[in-house]
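Thank you all for making the time this morning. I would like to walk through one structure with you, beginning with a single residue and then working outwards to the fold.

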Amino acid sequence: MTHTLITGGASGIGESLARRLAASGHRISVIDRSPADSSSWWAGLPAEKRGAWHAIDVTDGPAVRSAVAATEVPLDGLVTCAGVVTRGSSLDISADEFERTIAINLTGTFTVVQAVSQHLVGSARPGSIVTLTSTAGLGYVAGLGVGYHASKAAVIGLSKAFAGDLARHGIRVNVVAPGLVRTPMSATEREELGEAKLGARVPAGRLAEPDEVAGAIAWLLSPASSLTTGHVLPVEGGQMAVTGAPGAGFPPSEPSTRDIPHFTTDYAGSRT
């Protein structure tokens, strides 16, 4: 039985993935800040499908490493769903908020990916790791914070580095980049802007469901993707194929009222 660890598994994409994997025969373990009894679906899984539930924060490096080291049943896979979204102008964000976002989304991802990679290499086991970025990691999404953009873009670089280092050990590392997904994390945007307006800015005409993202992740965990590593798979209804539109349905920034000079450049390189 394949054993997969999911961070941020209490709800949203993590919950949908856990249910899907358990239904297909995986054993599931979870790292989440919330305790197991806060997620009623967990108790509903067959006992043999439930591994360990670690109620810890991914920013607590020693706790994460201890949880992975204490795994009784060897792991075969990891999916990093834990994260935080931040919003607002790059001009207004505080250094503390920026650092907190980096700590959760980037350093938290690094810590658990490294711990699981060491576990797999140390036990001479192949495996598959899937990290979650965002369309904001691939391009600008109006309304989302600079810390979120920076952390999600860095998750891609981090994952590609691990993919290159781990390929010779039979360990694959890939990235899934969701657009706007109907989860608790997107509730504020959906309530304020309306799902019809948000969906209209997606070529497919709607938002993603958590299980649609979970399906892509499950494929990357499976033997069907055995030669796929170091790749980024967007699951966003075609948003990244459209130029001139934000990667998600957030309102664009207000146009500048400043009188900004425009320059032309001649072939000699001088500006006029």
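Let me begin with a question: in which loop is the place of aspartate 92? In this model, which I should say at once is a predicted one, aspartate 92 sits in the loop that lies between strand 4 and helix 4. Its relative accessible area comes to 64%, so aspartate 92 is counted as exposed, the cut-off for that class being over 50%. If you look across from there to valine 146, you will find that the two residues are 54 positions apart in sequence, while their C-alpha atoms are 9.8 Å apart in space.

A second loop residue deserves a moment of your attention, and that is alanine 124, found between helix 4, which covers 95–122, and strand 5. Although alanine 124 is not a glycine, its phi is positive, at about 55°. With a relative accessibility of 70%, which is over 50%, alanine 124 therefore also falls in the exposed class.

Let me now step back to the whole chain. The protein chain has 272 residues, of which 48% are buried, and its secondary structure consists of eight helices and seven strands. When we consider the contacts in the chain with a separation of 6 or more, 70% of them are made by residues that are 24 or more positions apart.

The seven strands come together in an open sheet, with parallel pairing, and the order to follow on the screen is 3-2-1-4-5-6-7. At the edges you will see strand 3, residues 50–55, and strand 7, residues 232–235, each of which pairs on one side only. On average, and ignoring direction, neighbouring strands of this sheet are turned by 15° against each other.

Within that sheet, I would like to follow strand 2 in particular, since five of its six residues are buried and the strand is mostly covered. Strand 2 pairs with strand 1 in the parallel sense over five bridges, and one residue pair to pick out here is threonine 7, whose bridge partner in strand 2 is isoleucine 31. Between these two strands the chain passes through helix 1, and the resulting β-α-β crossover is right-handed. Strand 2 also pairs with strand 3, again in the parallel sense, over four bridges, and there isoleucine 31 stands opposite histidine 54.

Further along the sheet, strand 5, residues 127–132, runs parallel to strand 6, residues 171–178, and six bridges join them; valine 130, for example, has asparagine 174 in strand 6 as its bridge partner.

Two helices that lie across these strands are worth tracing next. Helix 1, residues 12–23, lies across strands 1, 2, 4, 5 and 6, and runs at about 170° to strand 1. Helix 8, residues 210–221, lies across strands 1, 4, 5, 6 and 7, and its angle to strand 6 is about 165°.

My last stop is a pocket, the second largest, with a volume of about 350 Å³. It is lined by 18 residues, and those closest to its centre are Asp76, Ser128, Leu221, Ser222 and Pro223. Strand 5 and helix 8, which we have just visited, each supply at least two residues of that lining.

That is the tour, and I am happy to go back to any part of it.

Methods
Residues numbered from 1 in each chain as written. Predicted model: local features only at pLDDT ≥ 70, side-chain atom pairs only at ≥ 80, totals over all residues. Heavy atoms only, no water. Pairing = 2+ DSSP bridges. Axes fitted to C-alpha atoms, helices over the stretch in contact; angles between N-to-C directions. Contact = heavy atoms within 4.5 Å. Buried < 20%, exposed > 50% of the residue type's maximum accessible area, 1.4 Å probe, protein only. Right-handed = clockwise from strand over helix to strand, strands pointing away. 1 Å grid on protein atoms, 1.4 Å probe; cavity = no way out; pocket = protein on both sides within 12 Å on 5 of 7 lines; lining within 4 Å. Points joined across faces, edges and corners; volume = space filled by probe spheres on them.
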